[in-house]
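Subject: Structure handover: aromatic contacts and cavities

Hello,

Here is the structure for you to load. Notes on rings, charges and cavities follow below.

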Amino acid sequence: MKTGSYTHLQNNGAAGKALKPGLFGCCCWKVSVQLILQFKPLTASISPNCSSRIPVSCKCNMSEIGEIDEGFYSRQLYVLGHDAMHRMGTASVLIAGMRGLGIEIAKNVILSGVKSVTIQDEGQTVWTDLSSQFFLKEAHLGQNRATCSIQQLSALNPRVRVFAHTGPLDDTLLLQFQVVVLTDSSLDDQKRFGELCHLHGIKFIVADTKGLCGQLFCDFGEEFEVLDRDGEAPESATIQSISKADPGVVLCTDEQSHKFSDGCKVSFSEVQGMTELNSIGPVEIKYRGEYSFSIGDTSAFSEYKRGGIVTEVKQPLRLHFKPLSEALLDTKLLVMNDFGKISRHKTLHLAFQALHSFVKKEQRLPGLWSQPDADALLDMVRELNTVAKLKQLDEAAVQKLSYTARGDLAPMNAFIGGLAAQEVIKACSGKFMPLQQWLYFDAFECLPEVEDQLAECSRLEGTRYDGQIAVFGSAFQKKLERQKYFLVGAGAIGCELLKNFALIGLGAGEEGHITVTDMDFIEKSNLNRQFLFRSQDIGKPKSEVAAKAVQEMNPQMKITAHQNRLDPDSEAVFDYNFFMGLDGVAAALDNVEARIYLDQRCIQHQKPMLEGGTQGSKGHTLVVVPHLTESYGQPKTNANNAIPLCTLKNFPHRIEHTLQWARDQFEGQFKQTPENVNLFLSDEGFVERTLGHGDAEALEVLGGVWNSLEDIKDGGQHPTSWEDCVSWARCKWETVYNNDIRQLLHCLPPEKVTATGLPFWSGSKRCPHPLTFDLKNTTHMEYVVAAANLYGQIYGIKGTRDCTSIREILEKVHVPPFTPKSSVKIHVTDKEMKEAKERDSDDAEKARLEELKGKLASPSMKSSAKQMYPIDFEKDDDSNFHMDYIVAASNLRAENYDIPAADRHKSKGIAGRIIPAIATTTAAVAGLMCLELYKLVQGHQNISSYRTSYFILAVQHYVWCQPGRPRSFELAGKKYTLWDGFLVEGRRGGQQEMTLGDLVQYIKEKYSLTITHLFYGAAVIYSGQEDRLQKSVSDVVRMVTKKDIPPHKKMLEFLPSFVEEEGDDESVPPIRYLLL
């Protein structure tokens, strides 16, 4: 390809036509927060104009058609929102430099959904590129990096147009973009193009990594509007009372403390009595306490009666900065992300400038671990400091930067690339707080704890790992290749980890191996951040596709893919021998329960574990090192987050309550009841077991079973036709949105007062009103259509979406009349509900239960019944009626209680319990996890070398801390931690298995501890029984548990009690009994 040429790939990989892209000015900025930022440009002169143009294909994207592919961008939409995504869809981005860092940024930006990305690189592929550039292969050596990468980048997201430019950067090129990112660039180019971009309102980002150091700089121009500072939903609270005074004091309900800060502004709605507050603009508050704040003079307003919601209003903010003339010289612009390294990062600010000077002078980077070059660089830093006047220089950091500057590490590029791509998203969308303006990061802790181990890092070997060998040496590379690691999860973090594993060569040697397991199959919503998958992979196992993809990146990878869920059921696969053969484990899981289980297996087998997680722009990493750090441990549960049952049943006041109610309705009607019917038909003991759960639960469950089996014509709810399904849905609508509300108001009328004389319906208790069914009401019809179809599905009856035919059926449906009953008791608190459930049933309930038992015992009931088809809730299939039902059911209940309705997107996020996710955070987390991996493989023994990390990319918040040490406890005068256990070989020296008495004696002799009790799970296998002491340990376990020990079970873990235990600390080391 000629110099200065462009390549664009469409979906089929063909070259696109050359056209000029649209400009950013057509976007519409409609968000509540505006934050004006002024940035300092990198000082430089402006280069002369060139004549080159950027080509663009004719393909429409979301900005042109006004639609967002919610299936693809599903999880990211919960991070950025529709408005921000639409703004991104108008932005064209230039990313210069396609080595490891540039490709990481490009990958993340393309996945995010901008209008177009142009990648620029004049350079040819060399060996060191393969250490971190995951779209380059050995066959690409000597070829242009940009042209070799464009096809793979284009395949990531067909909605984004991707171009390649192989000529030099010039003014004309840059002026055609809204965002410019420079990587692997000279300081002269940074200054020159930074000034150009600043003068023309182009957002300008510089990103760089050198060995174990990273640098990031942002200049978003003289004025930059931040439309949403943190992306968090506005806080809100329910009002208990408002005083008529100066100042007026607002008291919120004690359901939970308000989250408003002093000086923030709020708006009022639904206030009764003091209605003036509902129509005034945002009011500034003064914080008074957890449940109260003042709002100014309310003495002239009407008397407050009841109700009201107060909601935070995010106001425009204007941040003013000093004139942007010398950003390089202003160390106040450094964002400190590690307060233990303030001096180091200020020094690195000078060191990176000195490094550019060194390269300009010597036409090369400093030599590998070259002391003369390190001394020369340090002299340059000292000279720069005569102007900067830093009080303290971290000279060791300068030397380490010099030693490792030729290194190109995939984990460093993943982390800095994630951060840089997030800044691009901010620049394109106005969402979140941009970096202001410099950030430095280092991971020198990854270097060997004994420095002389790096003596052999003086030459490269012409291999794909040269960029890593430049930092750690060839001996460490061979050690990486020998590793045997277990990756649990091949989703977003799992894909990123596998990519990093392939690039660093983990397990890629003859003795090494990677095992990955994931039970899930690829869905469309995965493609936006699980970058190893493509649309043609939808429906295939994640682990298999991911393993194949990374083997293409690095053919030396040795990897085995499983589709097993990690739990006790898979212990035959991932058994004792499997775990004992591992060097470590990486957790890329999406639920706490699986993390806890994996953590326990790692403790049992004394294996290190890397763990990471994300939620939107928030990330967290943890490293678990045997005998050195604490483990992942049990979760810190927060029962306060649970919605009270009485709130769901009778007193909802937030859309979250109505959505949870709708989910409960879905699960009860379309999943649990059909499952109960199938159990009744297949399990003879089902009825008796159900009766053992108490009369109240038995009535509900058995009543549901009978209704589901008895035909509608005979008084049940079993449909025999589609018309029956529509009739059921219509009657169900009447029950829940009219009859139940009328019954509630009959028992608790609107004028009801409490024992203290206050209105009952006040504060968080919103007084409901019944709805009247209307064939012309869209939401009413949506409920009936969805409910009828779902009801038909559980009985195997085919439905339809044809509203015309459904209306014809509805016009003939007979809705039974309803009269509220005075005998009904409405429970106001969860305590009342629990007490009522525990009370003995009355005679009528007992009679009904006996009647149900008799009916269900009838032979004809089972003989004529058919299995039902329970429905598992699936939020991401828009054709299955699941979310149709949830949205309609929730919004109708919200209408009952005058709660603002939620659109489908919001409802799906809440009801589907969707965890917001974006590729930038995922990449950053995986990068940090692999930096900790370097330390584990080297065998670092100082806990100060390891890092636990927490960060929020949205607001540039970072916390790095040393992992916690394991809690110690004392037993018989000796200290133990969770990593300690009493390891016992049950068949020592190939002899017959020891008896329980032998085990008791062994522990007594070796550890001077006397066993009084021995527990195996919940089973007590010994508590002084003499007869058991003569039996083998495994025979005792079988006898007590009444279960065989599976052949794969090579370790039995017992929890003992000892005579020597003292105090209240119940912690004791387990006995790990080996059956080998």
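A residue counts as buried if its relative accessible area is under 20%. That cut-off is needed for the first pair below. Please keep in mind that this is a predicted model.

**Aromatic pairs**

How many aromatic pairs does the structure hold? The total is 44. One of them joins F578 and F579, in an edge-to-face arrangement. Their ring centres are 5.7 Å apart, and the planes meet at 85 degrees. An angle over 60 degrees counts as edge-to-face, so 85 degrees puts the pair in that class.

Are these two residues buried or exposed? F578 has a relative accessible area of 18%, so F578 is buried under the 20% limit. F579 is at 0% relative accessibility and therefore counts as buried.

A second pair to look at is F1054 with Y1073. This pair is tilted, with 6.1 Å from centre to centre and 55 degrees between the planes. The pair links distant parts of the chain. F1054 sits in strand 32 (residues 1051-1058), while Y1073 belongs to strand 33 (residues 1071-1074). The two are 19 residues apart. Both F1054 and Y1073 are buried.

**Ring cluster and charges over rings**

Ring pairs also build a cluster. Its members are W661, F666, F670, W728, W733, Y737, F773, Y783, Y791, Y795, F873 and Y885.

One cluster member, W661, has a charge over its face: R893 lies there, 4.5 Å from the ring centre. Another arginine, R801, lies over the face of F881. Here the distance to the ring centre is 3.9 Å.

**Cavities**

Next, the enclosed space. Rolling a probe the size of a water molecule over the atoms shows where empty space is left. Two cavities reach 30 Å³ or more. The largest has a volume of about 120 Å³.

Which residues come closest to the centre of the largest cavity? They are F441, E932, K935, R947 and W960, out of 15 that line the cavity. Strand 18 (438-442), helix 31 (919-938) and strand 25 (948-952) each give two or more residues to this lining. Helix 31 gives the most, with four residues.

By class, the lining of the largest cavity has seven charged, five nonpolar and three polar residues.

Best wishes

How values were computed:
Residues numbered from 1 in each chain as written. Predicted model: local features only at pLDDT ≥ 70, side-chain atom pairs only at ≥ 80, totals over all residues. Heavy atoms only, no water. Phe/Tyr/Trp six-rings, centres within 6.5 Å; stacked < 30°, edge-to-face > 60°. Buried < 20%, exposed > 50% of the residue type's maximum accessible area, 1.4 Å probe, protein only. Lys NZ or Arg CZ within 6 Å of the ring centre and 35° of its normal. 1 Å grid on protein atoms, 1.4 Å probe; cavity = no way out; pocket = protein on both sides within 12 Å on 5 of 7 lines; lining within 4 Å. Points joined across faces, edges and corners; volume = space filled by probe spheres on them. Nonpolar A, V, L, I, M, F, W, Y, C, P; charged D, E, K, R; others polar.
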